[in-house]
Amino acid sequence: MTETSILDVQNLNVRFDTPKGEFHAVKDVSFTMGREKLAIVGESGSGKTQTGRAILGLTQGRITADRMTFHNSNLLGLSPKAWREIRGRRIAMVMQDPKYSLNPVMTIGDQLIEAGQRHVGTVSPRQRGLEMLEAVKIRDPLRVFRAWPHELSGGMGQRAMIAMMLMAEPELLIADEPTSALDVTVRLQVLAILDDLVKTRNMGLIFISHDLNLVRTFADRVLIMYGGRVVEELPARDLYSATHPYTRGLLACAPEVDNPKKRLAILARDPAWADAPPARQPAGGRP
Amino acid sequence: MIDIDKLSVVFGEGEDRVLAVDQFSLRVEAGESFGLVGESGSGKSTVLRAVAGLVDTWTGDMGVDGAKLGRKRSRDFYAKVQMVFQDPFGSLHPKHTIDRILSETLIVHGLDNREARVRAVLEQVQLGPSFRFRYPHQLSGGQRQRIAIARALVLNPRIILLDEPTSALDVSIQAEILNLLDDIRTQLGVTYLLVSHDLGVVAHMCNRFAVMRQGRLVEVAESGHLGTGVLSHAYSRQLLLASKGYDRALVDTFSDL
């Protein structure tokens, strides 16, 4: 994995100072990833979003880590100028809700051009914007290019967001619940776009989600977070054979269409999960 | 228990006119748990709100427990029909204590012995009496939704309308709330009309459900059929397959949305 690894995070911690003392949102999170679909799963407050944001230095909290490198760049302590070379250009982020993350007073086209401003290419920014809208399977790119955000449906808005993030051809895309606000069929269509982009553009994807079933069927590898810690790491296809009680509990308490349960299991939380050292399970077996 | 016959709901006028519900008919039996599923804009919540009397631009016929519903609903209607909303953050008054939130319903309906009733209903939703003196912001999302359920229960209704009662909650909290709703129905024999976009939730909670699309009824199916995927309409089948998870090949088969 090391030769193809693009992101290496070792012992990442994010802490917030609050009036009630320090809040430790992300605890000793470590992972490396290549050009693959890595999912970070957890419930609210698990630290999954803060982990994603910390990679781009987009958190109000204090970030510390033993190592956080993207290719050969050390992401710790970059100057604002150095960040500008990375954010949006080499690592991009898609947020959950297109309604709040698109600029309401700019057309989609202008926002696409702005997103691609620092990209040096052979075609005009306008042409490139239209191409990107086509890449995310928008049938009438010209109409969407001229449209205002409020004129688009949720699914269209999210596609437009992804198109903007692609303007600079990032090597790594961090998508924070990119499909949670979407209807189920539109959700799968947007995921298919991301899936195809990972394959055709050789991009890495960090997919942050609360939906275990979706992640199991979509991602390559999964990190499960609880209380700021990664409690388990495993290939997505092996999710059903997860060993950590939290992962197993999460799987058991979700209602499933083709597996009716008389009564849903209740997750009994163990505070120790958030304190225990991360259970690392490289392919093979248990420690 | 609930009879809906050729219900249509219109919002806006002129160019902005939207037919949110189009000739929708449905019959829910007493003691049944009935689901309404569909994607956003399918009209499922509007049907629920029309039954609750929260929408008045409707035409057609609606009846509850044999009595025909008019545009204005009586106090007796609300003693019989109560509703739980999706967002437990928005549906509880932020500056009222839980005690006041629950008592208000009782005051409106002129019921006495309020303290005992509030204590009893808190117990029903598995919250201790100490919750009476807390404010909504001091509660978690799951606890708030329990309060919203308690507020619906405090009048001993026959029908509870549930509008996406768990979609704002984490999956582990959702399990607790769904189990609670199941217990309440078993104990009290109330009728549920539950709206959800999540087929998993509907399959778990309801014996029958209706699939809606663009304001219309697509089909009514029994939840027992879901496991084998025996749904007669192509749209319902697509919805069912999509809710089983991601499948790249499946996405290409989706018909136009």
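Reader: What makes β9(B) and β10(B) count as a pair?

Author: Two strands pair if DSSP finds at least two bridges between them. Strand β9 of chain B and strand β10 (residues 216-222) of chain B have 6 bridges, in the antiparallel sense, so they pass that test. One example is B:V211, which stands opposite B:E219 in β10(B). This is a predicted model, in which local features need pLDDT of at least 70, side-chain atom pairs count only at pLDDT 80 or more, and totals for chains, interfaces and linings use all residues. Residues are numbered from 1 along each chain as its sequence is written, while chains are lettered from A and ligands numbered from 1 in the order in which they are written.

Reader: Which residue in the hairpin of β9(B) and β10(B) takes a positive phi?

Author: That is B:Q214, with a phi near 50°, in a hairpin that has 2 residues between the strands.

Reader: How do you know that β3(B) pairs with β9(B), and is the pairing parallel or antiparallel?

Author: Strand β3 (residues 33-37) and strand β9 (residues 208-213), both of chain B, run parallel and are joined by 4 bridges, so the cut-off is met here as well. In β9(B), B:R208 is the bridge partner of B:F34.

Reader: Why are β2 and β5 of chain B said to stand at the edges?

Author: Picture an open sheet of 4 strands in chain B, in the order β2-β1-β4-β5, with antiparallel pairing. β2 (18-28) and β5 (67-68) each have a single partner strand, so one side of each is left without a neighbour in the sheet. The partner of β5(B) is β4 (residues 58-64), through 2 bridges, and B:V64 has B:A67 as its bridge partner.

Reader: Now the helices: why is α10(A) called oblique to α6(B)?

Author: Helix α10 (residues 245-253) of chain A and helix α6 (residues 171-188) of chain B have axes that come within 9 Å and cross at roughly 45°. Angles under 35 degrees count as roughly parallel, over 145 as roughly antiparallel, 65 to 115 as roughly perpendicular and the rest as oblique. The crossing angle falls in that last group, so α10(A) is oblique to α6(B).

Reader: Which residues make this contact?

Author: A:G249, A:L250 and A:C253 of α10(A) meet B:V171, B:S172 and B:A175 of α6(B); contact requires C-beta atoms, placed from the backbone, within 7 Å.

Reader: How many residues of chain A are in contact with chain B?

Author: There are 32, and they touch 30 residues of chain B. α8(A) gives the most to this side of chain A, with 8 residues.

Definitions and conventions
Axes are lines fitted to C-alpha atoms, for helices over the stretch in contact, and angles run from 0 to 180 degrees between N-to-C directions. Two residues are in contact if their C-beta atoms, placed from the backbone, lie within 7 Å.
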